[in-house]
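Subject: Structure for your review

Dear colleague,

Please find below the structure that I am handing over to you. I would be grateful if you could read the notes beneath it alongside the coordinates.

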Amino acid sequence: MTEPKTEERGTAATAGFDRRLLPPMMLGSVLNPVNSTIIAVSLIPIGDALGAPPSQTAWLVSALYLATALGQPVVGRLIDVFGPRRLFLVSTSLVGVAGVVGTLAPNLGVLIASRVLLGFGTCAGYPAAMALLRSEARRTGRDSPGGVLTALAVTNQTIAVIGPLLGGLLIALGGWRATFALNVPLAAAAVLLGLLRLPKEAATGESPRRGRLTARLDLPGMALFAVTLVSLLLFLMNPHLRDWYLPVTAVAAFAVFVARELRATTPFIDLRVLGGNTPLLATYGRALVAYVVSYAFLYGFTQWTEEGFGLSPFHAGLAQIPMFLVAIGVSIVSGRREGVRGKLLVGGLGQVVACVVMLTLTGDSPVWTLVLVALIFGVPQGLNSLALQNSVYFQADPERTASSAGLLRTFAYVGSMVASSTTAASFGRRADTGGMHHLAWVMLGAGVLYLLLTAFDRTLGRATAGTPRPTRRGRRSPPGGSHHT
């Protein structure tokens, strides 16, 4: 692969990472979390306006993550082959379309459809950012992206702080439709920054000129992956015996998918390499469990603070701010240290403690107890996401950085789907205290499992720039070195 010419990227980039790439990377990566946090305080007002109970408005959460869980590794693979620019521009444009559809939606069905569009539209931001990190590492010969990864994590945490408060303000000023209209200017800004600052070629390792398009993209593999994931997630949204055919379909499609990928010359997901990369598989498992806890708190606890505790959407958003402020501080401090094991262990303990405190809350609890829970949850919020993304960057095949990052998000969104269905099942038609306690027990079980997966993981060491990474052919590449096939 031909290295990008330094002079084409400007003299400011010669000393290290090209800082001009940061604005589009950051804005693209926050399009998903800003919509995740805003919808958390919008669910009750939307349900009131459209006459839908929490069990139905939960689809607004599930639809976005179903689309994103499917789209992230697919778009990541396209980015690996063609570079981030085109995929970034197309995806962020779709965010603007979704904003228009959601703003004008006449009913819950159309609103859910807009969230599906939004999910696909936000797929490119995070894989594109990881691909740009990899291309910059090759260009500069420096494979130490800790500062940039921390900047991305802090940006996401900052947006998470602003999201609930902004959502409450938008609802107070223009109703819940204003929270969807926000995507239009955000998408316009992202497209403009992408046009101005993203390099035209920054693929992570594969030349788009080699081989036939269908062979490079493995369209049958993508289709089988889609059937597997959609069937599984549809079942997880509302598990019931009458839907037995969904898990059966998922298992059958996955079996065919595995057989296909093991024979494919250029597989969509290289199972031969992934299967031998135990640390990366363990990271994906931890991500799934961690986000069950995280998203159950974000959506379930927020709904309870409005219906079970009696806060307004605006004040429910304020109640989330302590968590994200702590998370920002924790991310900044811990981002200076390269090791991940300690971060994951402390993050797991924080989840367990916060869930135990949730079990003590009632509708008559003092407000400071809500703040206490948010403060405790801020510790794992700041530690887990940063440690997981650092792990994937250094554990993944360098030529598949974007698709590996997309898979991390897929596992996270599977966790969010479990959290969403659990929240809907716990609350039913009303987010009362009994339902919140039921949800807290499920979260506690997931938190304990996360802690055990970390404590007894013998493959978990220090994910650092000095950690060799597996490549497609089973070889190991030195840190910072480019890899050619």
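The notes below cover confidence, internal cavities, a pocket and one helix.

Please bear in mind that this is a predicted model. The mean pLDDT of the chain is 81, and 86% of the residues reach at least 70. Confidence peaks in helix H7 (residues 177-181), with a mean of 94, and is lowest in strand S2 (residues 476-477), where the mean is 40. Two stretches call for caution. In residues 1-14 the pLDDT is below 50, and this stretch makes 21 contacts in the model beyond near neighbours in sequence. In residues 462-485 the pLDDT is likewise below 50, with 68 contacts in the model beyond near neighbours in sequence.

Turning to the interior, a search of the whole structure returns six cavities of 30 Å³ or more. The largest cavity has a volume of about 610 Å³. It is lined by 32 residues, of which Gln157, Tyr291, Tyr295, Gln381 and Ser385 are the closest to its centre. At least two lining residues come from each of helix H1 (22-50), helix H6 (146-174), H13, H14, helix H16 (367-395) and H17. The lining of this largest cavity comprises 20 nonpolar, 11 polar and one charged residues.

The second largest cavity has a volume of about 140 Å³. Among its 13 lining residues, those closest to the centre are Ile269, Asp270, Leu274, Arg400 and Ser404. H12 and H17 each contribute at least two residues to this lining, and the largest share, three residues, belongs to H17. By class, the lining of the second largest cavity has seven nonpolar, three polar and three charged residues.

As to pockets, the second largest has a volume of about 450 Å³. Its lining is made up of 19 residues, and the closest to its centre are Phe225, Phe254, Leu274, Leu407 and Phe411. Two or more lining residues are given by each of helix H10 (219-237), helix H11 (245-263), helix H12 (271-275), helix H13 (278-307) and helix H17 (401-427). The lining of this pocket has 15 nonpolar residues, four polar and no charged. Leu274 thus appears among the residues closest to the centre of the second largest pocket and also among those closest to the centre of the second largest cavity.

Finally, I draw your attention to helix H14 (residues 313-334), which also contributes to the lining of the largest cavity. H14 has 22 residues and spans 32 Å from its first C-alpha to its last, close to the expected 32 Å. Within H14, a kink of about 25° is found at Ile321, shortly before the proline Pro322.

Yours sincerely,

A colleague

Key
Residues are numbered from 1 along each chain as its sequence is written. This is a predicted model: local features need pLDDT of at least 70, side-chain atom pairs count only at pLDDT 80 or more; totals for chains, interfaces and linings use all residues. Side-chain values use heavy atoms; hydrogens and water are left out. Helices (H or I, at least four residues) and strands (E, at least two) are DSSP runs, numbered from the N terminus. The expected span of a helix is 1.5 Å times one less than its number of residues. The bend at a residue is the angle between axes fitted to the seven residues ending there and the seven starting there. On a 1 Å grid over the protein atoms alone, a cavity is a set of points where a 1.4 Å probe fits but cannot get out, and a pocket is an open set with protein on both sides within 12 Å along at least five of seven lines; lining residues have an atom within 4 Å of a point. Grid points are joined across faces, edges and corners, and a volume is the space filled by probe spheres set on the points. Ala, Val, Leu, Ile, Met, Phe, Trp, Tyr, Cys and Pro count as nonpolar, Asp, Glu, Lys and Arg as charged, and the others, Gly among them, as polar. pLDDT is the predictor's confidence in each residue, from 0 to 100. Contact means heavy atoms within 4.5 Å.
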